[in-house]
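Q: Please take a close look at one helix of this structure and at what follows it. Then relate that part to the other backbone features and to the enclosed and open spaces of the model.

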Amino acid sequence: MRVLRPEELGEGERERWRELRAATDAPRSPFMEPEFTAAVGRVRPRARVAVLYRGAEPAGFLPHERGVAGQGRAIGLGVSDCQGAVLAPGVAPETGELLRACSVSSFAFDNLEAGQDLFVPYAAEEHATFVIDVEKGYETYESVLRTRSPKFLKTTLAKERRLGRRAGPVRFVFDERDPAALRTLMEWKSAQYRRTGRRDRFAQEWIVRLVGRLAETRAPQCSGTLSVLYAADRPVAAHFGLRSASVLACWFPAYDPEFATFSPGLVLHLRMAEAAAAEGIGLLDMGRGPAEYKDALKTGERAVHEGAATRPGAGAALHWLSREPARRAHAFVRARPRLASLASRTLKGAARLRRS
């Protein structure tokens, strides 16, 4: 095994990574492609890739980040919605030996892909990630919505028409290349984080730089995609995510609060599903975490895992102390709807106080 910086991977190794990934039964998430790891490597200097060999041929890849104290984490932890190793069939390294070879005491993950046998035994929690299946076309998806929730679809489409009458003709661009539209989206998203008392991801320079790099990435299995809903040429909702040939990973959606009564975010997601289906994309992954809009739009759920693989030593204890108490507290709150609702209201109240 060799441990390399992402930029040190040769084209042959990157192509082998793609071949191994294509051979799995898992959905082709763009977060699991070498292009995503390469982009993270440009903004996170401690990004690494462990390359496992069977003879002279690469047989596996583990993208990860190595912390200052020797703690390891999935590549892009905190923003990546799909994590794990890419391994050839029959390759099953001993987890502790793999971590030792990577010079890390732990490997933390929060969106570990289902079926990752190397790390699933170390998961502390299983979460649902919500998906929209448009494999059979957008019309079929709409018929599912009409059957399951006819009022939701009828109301959302009516709001789209009303938006057009009030603000001007509505149009949708699936792959917008205007940098100004991306800046507008990040401003909306930052304001939303602050408004709801959440940590503002776009206050972190590395995330802003990562999104900027991915917006310029154009690869068959990992392409940055900015989708924008316009009313009279004014953006009213937008989303930035990553797409492969078969999966659109929904990442950063936001809308202009001035148009909130028209539910532009819901309209945007319907148009994204329609455009994705037309492009041959069969699955939209809206990520983990409950939300009303996800419940309204989803056709199903998939499992992801949160936890950490560790090897014995002081580093494992340090990982436990730094992450486990907070993770358990969050899990306790999530499991109790009334407490979760109170926590949400408290966060929003604190955010209002900070703004006043």
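A: Just after helix 5, glycine 168 adopts a positive phi of about 115 degrees. The model is a predicted one, and the angle, like every value below, is computed from it.

The helix that precedes this glycine comprises residues 150-167. Its 18 residues should span 26 Å at 1.5 Å a residue, and the end C-alpha atoms of helix 5 are 26 Å apart, which agrees. Which residues of helix 5 are buried? They are Phe152, Leu153, Thr156, Leu157, Glu160 and Leu163. These buried residues cover an arc of only 125 degrees around the axis, which places them on the same side of helix 5. Lys151, Lys154, Arg161, Arg165 and Arg166 are exposed on the other side of helix 5. The buried residues of helix 5 are covered by several elements, and these include three strands and three helices by name: strand 8 (170-173), strand 10 (222-231) and strand 11 (234-243), together with helix 4 (138-148), helix 8 (264-278) and helix 9 (292-297).

Positive phi angles also occur at residues that are not glycines. Serine 103 has a positive phi of about 60 degrees although it is not a glycine. Serine 103 is placed in the loop between helix 3 (95-101) and strand 6 (106-113), and with a relative accessibility of 44% it counts as partly exposed. Serine 263, likewise not a glycine, has a positive phi of about 50 degrees. The loop that holds serine 263 runs between strand 12 and helix 8; helix 8 is among the elements that cover the buried residues of helix 5. Is serine 263 buried or exposed? At 15% relative accessibility, serine 263 counts as buried.

Strand 12 leads on to the enclosed spaces. Strand 12 (residues 247-255) gives the most to the lining of the second largest cavity, with three residues. The lining of that cavity consists of Ser29, Phe31, Asp81, Val247, Ala249, Cys250 and Asp285. By class, four of these lining residues are nonpolar, one is polar and two are charged. The volume of the second largest cavity is about 30 Å³.

How many cavities of 30 Å³ or more does a search of the whole structure find? The search finds two. The largest cavity holds about 50 Å³ of space. Its lining is formed by Trp17, Phe31, Met32, Thr37, Pro63, Ala74, Ile75, Gln83, Gly84 and Phe107. This lining has seven nonpolar and three polar residues, and no charged residue. Phe31 appears in the lining of the largest cavity and also in that of the second largest cavity.

Among the open spaces, the second largest pocket has a volume of about 380 Å³. This pocket is lined by 19 residues, of which Thr24, Leu87, Gly115, Gln116 and Asp117 are the closest to its centre. Helix 1 (11-22) and strand 5 (86-87) are the elements that give two or more residues to the lining of this pocket. The lining of the second largest pocket contains 12 nonpolar, four polar and three charged residues.

Terms used:
Residues numbered from 1 in each chain as written. Predicted model: local features only at pLDDT ≥ 70, side-chain atom pairs only at ≥ 80, totals over all residues. Heavy atoms only, no water. 1 Å grid on protein atoms, 1.4 Å probe; cavity = no way out; pocket = protein on both sides within 12 Å on 5 of 7 lines; lining within 4 Å. Points joined across faces, edges and corners; volume = space filled by probe spheres on them. Nonpolar A, V, L, I, M, F, W, Y, C, P; charged D, E, K, R; others polar. Helix = DSSP H or I, 4+ residues; strand = E, 2+ residues; numbered from the N terminus. Expected span 1.5 Å × (residues − 1). Buried < 20%, exposed > 50% of the residue type's maximum accessible area, 1.4 Å probe, protein only. Arc of directions from axis to C-beta. Contact = heavy atoms within 4.5 Å.
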